Amino acid sequence: MTHSVIELPVHADDRRIARLAALAIGLTLAEAALPSPVPGIKPGLANIVVLLVLMQYGWRAAAWVSGLRVLASGLLLGSLFAPGFWLSAAGAVTSLGVLALARHLPSQFFGPISLSVLAAFGHIGGQLALAGAWLLPGIALIKLMPVFAAAALVFGAVNGVIVARFLVSSGLDKTIQQKT
Amino acid sequence: MLLRAGDAGVLFAGTGLVITLAIYGWSGDQGDTAVIRAAGQIVETASLTHVQRFAINGPLGTTQIEIEPGRARVARDPSPRQLCVKQGWLTRSGQAALCLPNQVSVEIRGRTTVYDTLGY
């Protein structure tokens, strides 16, 4: 009997993604402890990490961080494969899709605030689309949509400002502008 | 340079979207007809297009119903507590004013009929 050794080489990229995903997971867990008046309305602090990763390391890395965050926070919060998990996943997928398009906007005019607000709308849009199609088919969601959209706008803008301030204070904005 | 030109545009567009959703989601269905009942039987069906007045007789006396473009109300009623009169103008589909002592009611209907209540 021969021992076969499977080697999984770990690159620096993998470590970085794991570290950033851990940060996003931590923010998701911290956020889950916050009481919310309406289920589903959350600040989405993990999106700050996703956005920073997107701007610094590109879309693939952001998708990895976002996907790992959804999976791991599902495990840790005990909601893996429960409706809440699927809503979260639908939101993450839509928001990444929006970001894939939005990151090609000219960065001269569209900064992190635009990306954050658009991603937040993508998030809530994906969640509501899945909820409307699967969990709550009917008209009840229409009445809730303005509330969710307003929350997405406010939290998206706040997160965007945080990202922009972080980029400026850490001096990353210059390196990013050199890259683009 | 925290807020760039496009960011302001995105924020404006987002605000516009929220307002549009609020108007669309919360305005409800504008009614277009008023159904007037006396003792449970429909006595008049009037469209809310022009000014009309109806006098409906019930056990206590005459209930006057006023219809204007887009709205309807019970103008006078002989009931002691005047609840249906105090309801004022009705505009949305599904709204109704009941004058129970005089057994007269006005109900607004729109393109879609809404439910009074839903039990799950």
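## Exercises on a predicted two-chain model

Q82(B) sits in the loop that joins β5 (71-76) to α2 (83-86) of chain B. Helices (H or I, at least four residues) and strands (E, at least two) are DSSP runs, numbered from the N terminus. The model is predicted: local features need pLDDT of at least 70, side-chain atom pairs count only at pLDDT 80 or more, and totals for chains, interfaces and linings use all residues. Residues are numbered from 1 along each chain as its sequence is written, and chains are lettered from A and ligands numbered from 1 in the order in which they are written.

**Exercise 1. Describe phi and exposure for Q82(B) and F81(A).**

Step 1. Start from the rule: most residues other than glycine have a negative phi.
Step 2. Q82(B) is not a glycine, yet its phi is positive, about 60°.
Step 3. F81(A), also not glycine, has a positive phi near 65°. F81(A) lies in the loop between α3 and α4 of chain A.
Step 4. Count C-beta atoms, placed from the backbone, within 10 Å: 20 or more others make a residue buried, 12 or fewer exposed, and anything in between partly exposed.
Step 5. Q82(B) has 13 such neighbours, so Q82(B) is partly exposed. F81(A) has 9, so F81(A) is exposed.

**Exercise 2. Work out how α1(A) and α3(A) pack.**

Step 1. Take α1 (residues 12-32) and α3 (residues 59-77) of chain A: their angle is about 45° and their axes are 8 Å apart. Axes are lines fitted to C-alpha atoms, for helices over the stretch in contact, and angles run from 0 to 180 degrees between N-to-C directions.
Step 2. Classify the angle: under 35 degrees is roughly parallel, over 145 roughly antiparallel, 65 to 115 roughly perpendicular, and the rest oblique. The pair is therefore oblique.
Step 3. List the contacts (C-beta atoms, placed from the backbone, within 7 Å). Among the residues that meet are I17(A), L20(A) and A24(A) in α1(A), and W64(A), V65(A) and L68(A) in α3(A).
Step 4. Sort the residues of this contact: 14 are nonpolar, two polar and one charged. Ala, Val, Leu, Ile, Met, Phe, Trp, Tyr, Cys and Pro count as nonpolar, Asp, Glu, Lys and Arg as charged, and the others, Gly among them, as polar.

**Exercise 3. Place V65(A) in the largest nonpolar core.**

Step 1. Define the core: buried Ala, Val, Leu, Ile, Met, Phe, Trp, Tyr and Cys residues joined through C-beta atoms within 7 Å.
Step 2. The largest has 47 residues, and V65(A) is one of those with the most contacts inside it.
Step 3. Find the main contributor: α6(A) gives the most, with 11 residues.
Step 4. Leave aside neighbours within four places in sequence. V65(A) then contacts residues including I17(A), V49(A), V50(A) and V53(A).

Notes:
Two residues are in contact if their C-beta atoms, placed from the backbone, lie within 7 Å.
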